[in-house]
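This briefing covers one predicted model. The points below are grouped by topic.

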Amino acid sequence: MKRINSTIKKLRRTEFIVLAAILIGGSLFVYNTWKKNKSSQRDEVLQIARTAKASLPLYLLEDLTATANDTLNPSYKILKERLISLASTNPQVSFAYLFTQKEGRIYFYADSELESSQDYSPPGQEFSEAQEEDRQPFIDGKERITDPLTDRWGTWITIYIPVVEKNGKVSSVFGMDFDAKSWSSSILHDVFKSVILVLLALLVWYFQYRIVIKNRSLKKMFEATIKADKDLQISEARTRSITDSA
């Protein structure tokens, strides 16, 4: 009997070790899925922004001053058309623009909005909602992907690609905005699928555990029946012995 109880305890310990392994492994799997998907998304949008920047005739910026006077400049019109084309041909892009920094303030060269749009930023308009991370490319000259941030245009994931001159100075920055909702929904979609897989593994463990518990119960009932039969046989044998002796 002690051996049976010891075996049962070992089986229970094994089952709960398996459960712990599923929970820990599942959590790591979900986290790695989220991390991998986020990294993949960042690489994808960064490549889109790099390609878009490379397609722009940025040498035309030399003709611009980031003031209202640029509206009459042919170079502005060419850049404006290119930015509009970039945003309209890529469904992931919500906004594309070029800006520069003067005396610590940021001003637009051009953006991808039509002039009839309420979100249109004319050349020379100050980017008054600019935060430290919007100015960072001018400081370190590095590409940057922001966390979701909210301004008067909405909530965006923004990619900044510095435009570096031959002397190594950042003269302007090319920016592309991606809707944060589409970014998040794509990540959540893959995370949701990984969570479903973990839940399925838990369900398999649960049903298997229930089967094991039921088998143990049947085994105990069977052992109890055998023991009762043996006790009955022993009792009958004693009764016959007493009867025979009498």
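Strand β1, residues 93–102, is largely enclosed by the rest of the structure, because seven of its ten residues are buried. It pairs with two strands, β6 and β2. The notes on β1 come ahead of those on the pocket, the salt bridges and single residues.

**Strand β1 and its partners**

- β1 and β6 run antiparallel and are joined by six bridges.
- Within this pairing, Tyr97 stands opposite Gly175 of β6.
- β1 also pairs with β2 (residues 105–111), in the antiparallel sense and over six bridges.
- Lys102 has Arg105 in β2 as its bridge partner.
- The two strands β1 and β2 make a hairpin, with two residues between them.
- Glu103 sits in that turn and has a positive phi of about 50 degrees, although Glu103 is a residue other than glycine.
- Glu103 is exposed, because its relative accessible area is 85% and the cut-off for exposed is over 50%.

**The largest pocket**

- The largest pocket holds about 200 Å³ of space.
- Its lining consists of Leu58, Tyr59, Leu61, Glu62, Leu64, Tyr109, Val163, Val164, Glu165, Ser171 and Ser172.
- By class, these lining residues divide into seven nonpolar, two polar and two charged.
- Strands β5 (154–164) and β6 (170–179) each supply at least two residues of the lining.

**Ser172, a lining residue**

- Ser172, which is one of the residues lining the largest pocket, is found in strand β6.
- Ser172 counts as buried because its relative accessible area is 1%, and buried means under 20%.
- Leaving aside neighbours within four places in sequence, Ser172 is in contact with Leu61, Phe99, Thr100, Tyr109, Phe138, Pro162 and Val163.
- Among these contacts, Leu61, Tyr109 and Val163 also appear in the lining of the pocket.

**Salt bridges**

- Side chains of opposite charge can pair when their charged atoms come close.
- The count of salt bridges in the model comes to three.
- Arg50 forms a salt bridge with Glu143, and their closest N and O atoms are 2.8 Å apart.
- This pair links distant parts of the chain, with Arg50 in helix α1 (residues 2–54) and Glu143 in the loop between α3 and β3 (144–145), 93 residues apart.
- Arg50 is partly exposed at a relative accessible area of 36%, and Glu143 is partly exposed at 37%.
- Lys80 and Asp111 meet through their side chains in a salt bridge, at 2.5 Å from N to O.
- Lys80 lies in helix α2 (residues 74–89) and Asp111 in strand β2, so this pair ties together parts that are 31 residues apart in sequence.
- Lys80 and Asp111 are both buried.
- Arg105 and Glu126 meet in a salt bridge at 4.0 Å, N to O.
- This pair also links distant parts of the chain: Arg105 is in strand β2 and Glu126 is in the loop between β2 and α3, 21 residues apart.
- Arg105 is partly exposed at 47% relative accessibility, and Glu126 is partly exposed with a relative accessible area of 29%.
- Arg105 thus has two roles noted here: a salt bridge with Glu126 and a bridge partnership with Lys102.

**Helix α3 and what follows it**

- Helix α3 covers residues 132–140, and its buried residues are Glu133, Asp134, Pro137 and Phe138.
- Phe138, one of these buried residues, is among the contacts of Ser172.
- After α3 comes Gly141, which has a positive phi near 70 degrees.

**Ala66, a positive phi in a loop**

- Ala66 is not a glycine, but its phi is positive, about 60 degrees.
- Its place is in the loop between α1 and α2.
- Ala66 is buried because its relative accessible area is 3%, whereas Glu103, in the loop between β1 and β2, is exposed at 85%.

Methods
Residues are numbered from 1 along each chain as its sequence is written. This is a predicted model: local features need pLDDT of at least 70, side-chain atom pairs count only at pLDDT 80 or more; totals for chains, interfaces and linings use all residues. Side-chain values use heavy atoms; hydrogens and water are left out. On a 1 Å grid over the protein atoms alone, a cavity is a set of points where a 1.4 Å probe fits but cannot get out, and a pocket is an open set with protein on both sides within 12 Å along at least five of seven lines; lining residues have an atom within 4 Å of a point. Grid points are joined across faces, edges and corners, and a volume is the space filled by probe spheres set on the points. Helices (H or I, at least four residues) and strands (E, at least two) are DSSP runs, numbered from the N terminus. Ala, Val, Leu, Ile, Met, Phe, Trp, Tyr, Cys and Pro count as nonpolar, Asp, Glu, Lys and Arg as charged, and the others, Gly among them, as polar. Buried means under 20% relative accessible area, exposed over 50%, partly exposed in between (1.4 Å probe, protein chains only). Two strands pair if DSSP finds at least two bridges between them. Contact means heavy atoms within 4.5 Å.
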